[in-house]
Amino acid sequence: MQLALTADELAFRDELRAFYRTEIPEDIRNRARHGQELTKDDIVTTQRILNAHGLAVPNWPVEFGGRDWTPIQRHIWHDEMQLASVPEPLTFNANMIGPVIAHFGSQELKERFLPATANLDIWWCQGFSEPEAGSDLASLRTTAVRDGDHYIVNGQKTWTTAAQSADWIFCLVRTDPNAPKKQAGISMLLFPLDTPGVTVRPIQLIDGCHEVNEVFLENVRVPAENLVGEENQGWTYAKFLLGNERTGIAAVGQTKVRLWLAKEHAKQTRLGHGTLLDDPIFATRVAELENELLALELVQLRVAAGSADGKPNPVSSILKLRGTELQQAVTELFVDIAGPDSLAREGAQPDWARRSTATYLNYRKTSIYGGSNEVQRGIIASTILGL
């Protein structure tokens, strides 16, 4: 494959680079760069700016805000966004339910939901995982029973990210409990979170943040017109959705920015007669991470260059697996640079140092969501290696 960008691709990159750094508010980008919490307004503001310029959902059909770009252009769009620390379009909207509706939804669903989804007029959340159906998602037990023009939904979802901010949920439900294979009896429904019978409860995480939730569903009436695609075909749509999610989870550009910040902090950390970055053992550790990131970036480019048919690439499992491992390695690096300051709750310590342990703990999740890394190894073994 050709690894160097063409002259046209370089011009395209430079245009995006200038846009991200001039049109997206600097204060939002600075908070994102340093891992500080972004508000809902920050995320909505950014996505609406991107959408107004045709840069929110380039992977969608052109009629609904997409761009007729090559896979390499889409890669550049995403990579430069991360390098500029621009908050990415909400993944539940842009990478998950949006593409599913665009590919499998009725024309009525497309016209009803896609414009609002691209502009973040609707904030979506994902109702997939359950207390006993996480990585083994096909074991989900939430039921949807047809009742005239509605489905009656009962069950529970858990680890529902950002449900406290969301307006609607895309939810996997079991519509055929007698299907010969458990994957064959699943459907996907859409409904607002203020529907009677929906209860959202926060889950307190180990880092002290409220990011995920439990969602209880008790006799929730969902119009049958809110069914995505065909009944009992939800597993197909879920696999399509998760393939898109895993590619984005790699976050190579974001990890490169975090590693650069770690090096800057190490330069300011005194060690003996020099700095921590002068220490050969530490410098070797940083160099190894940089090499691993470069290797992963090349895999990402290969996936982008080979994705002309638009189908999810099983190599996305490699990107998810290694990308999340490197994200975790960099958060661990921050803790080691901060040293005892990483345990401080208050005082004169730098803000980044006090937050380093919470960030490290929070990033334990990356090897679990989107299909755990153990599951990804199974996919790689069977689908790519043929074992």
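This is a chat about salt bridges, loops, a surface patch and helix packing in a predicted model.

Me: Let's start with charges. How many salt bridges does the structure hold?
Reply: There are 19 salt bridges in this predicted model. As background, side chains of opposite charge can pair when their charged atoms come close.

Me: OK, what does Lys 365 pair with?
Reply: Its partner is Glu 211, and the closest N and O atoms are 2.4 Å apart. Lys 365 sits in the loop between helix H11 (351-362) and helix H12 (373-384), while Glu 211 is in strand E7 (residues 210-223), so the salt bridge ties together parts that are 154 residues apart in sequence.

Me: And how accessible are those two, starting with Lys 365?
Reply: Lys 365 is partly exposed, at 23% relative accessible area. Glu 211 is partly exposed too, with 22% relative accessibility.

Me: Which residue does Asp 14 form a salt bridge with?
Reply: That would be Arg 13, with 3.0 Å between the closest N and O atoms. Asp 14 has a relative accessible area of 38%, which makes it partly exposed. Arg 13 comes in at 21% and also counts as partly exposed.

Me: Why does 21% still count as partly exposed for Arg 13?
Reply: Because buried means under 20% relative accessible area, and exposed means over 50%. At 21%, Arg 13 falls in the partly exposed range.

Me: What about Asp 351 and Arg 354, how far apart are N and O there?
Reply: 3.8 Å, and the two side chains meet in a salt bridge. Both residues belong to helix H11, where they are three residues apart, so about one helical turn separates them. Asp 351 is partly exposed at 34% relative accessible area, and Arg 354 is partly exposed at 24%.

Me: Which residues are joined into one network by salt bridges that share partners?
Reply: Glu 292, Arg 322, Glu 325 and Arg 377 are linked that way.

Me: Switching to backbone. What's up with phi at Ala 162?
Reply: Phi of Ala 162 is near 60°, so a positive value in a residue that isn't glycine. In general, most residues other than glycine have a negative phi. Ala 162 is in the loop between strand E3 (150-157) and strand E4 (168-174).

Me: Is Ala 162 buried or exposed?
Reply: Buried, with 11% relative accessibility.

Me: And where is Ala 251 found?
Reply: In the loop between helix H7 (234-249) and helix H8 (252-267). Its phi is near 50°, again positive in a residue other than glycine. Ala 251 counts as buried, at 6% relative accessibility.

Me: Now the surface. Which residues form a nonpolar patch?
Reply: Ile 384, Leu 385 and Leu 387 form one, with about 330 Å² of accessible area together. Ile 384 is in helix H12, and at 32% relative accessibility it counts as partly exposed.

Me: Helix packing next. At what angle do helix H4 and H8 pack?
Reply: About 25°, with their axes 7 Å apart; H4 covers residues 71-83. The two are therefore roughly parallel to each other. The crossing of H4 and H8 is right-handed.

Me: What about H10 and H11, how far apart are their axes?
Reply: 8 Å, and the packing angle is about 140°. H10 spans residues 316-338.

Me: Why are H10 and H11 oblique rather than roughly antiparallel?
Reply: Because roughly antiparallel needs an angle over 145 degrees, whereas H10 and H11 pack at about 140°. They are therefore oblique to each other. Their crossing is left-handed.

Me: Last topic, positions that are separated in sequence. How far is Leu 301 from Ile 72 in space?
Reply: 7.3 Å, C-alpha to C-alpha, though they are 229 residues apart in sequence. Leu 301 lies in helix H9 (residues 280-305) and is buried, with a relative accessible area of 12%.

Me: And what separates Val 198 and Glu 214?
Reply: Their C-alpha atoms are 10 Å apart, with the residues 16 apart along the chain. Val 198 belongs to strand E6 (residues 198-204) and is buried, at 13% relative accessible area.

Technical notes. Residues are numbered from 1 along each chain as its sequence is written. This is a predicted model: local features need pLDDT of at least 70, side-chain atom pairs count only at pLDDT 80 or more; totals for chains, interfaces and linings use all residues. Side-chain values use heavy atoms; hydrogens and water are left out. A salt bridge is a side-chain nitrogen of Lys or Arg within 4 Å of a carboxyl oxygen of Asp or Glu. Buried means under 20% relative accessible area, exposed over 50%, partly exposed in between (1.4 Å probe, protein chains only). Helices (H or I, at least four residues) and strands (E, at least two) are DSSP runs, numbered from the N terminus. Patches are made of residues with over 30% relative accessible area and no salt bridge: like charges are joined within 9 Å, nonpolar side chains (Val, Leu, Ile, Met, Phe, Trp, Tyr) within 5 Å. Accessible areas come from the Shrake-Rupley method with a 1.4 Å probe; for residues, only the protein chains shown count as cover. Axes are lines fitted to C-alpha atoms, for helices over the stretch in contact, and angles run from 0 to 180 degrees between N-to-C directions. Angles under 35 degrees count as roughly parallel, over 145 as roughly antiparallel, 65 to 115 as roughly perpendicular and the rest as oblique. A crossing is left-handed if the near helix is turned anticlockwise from the far one by less than a right angle, and right-handed if clockwise.
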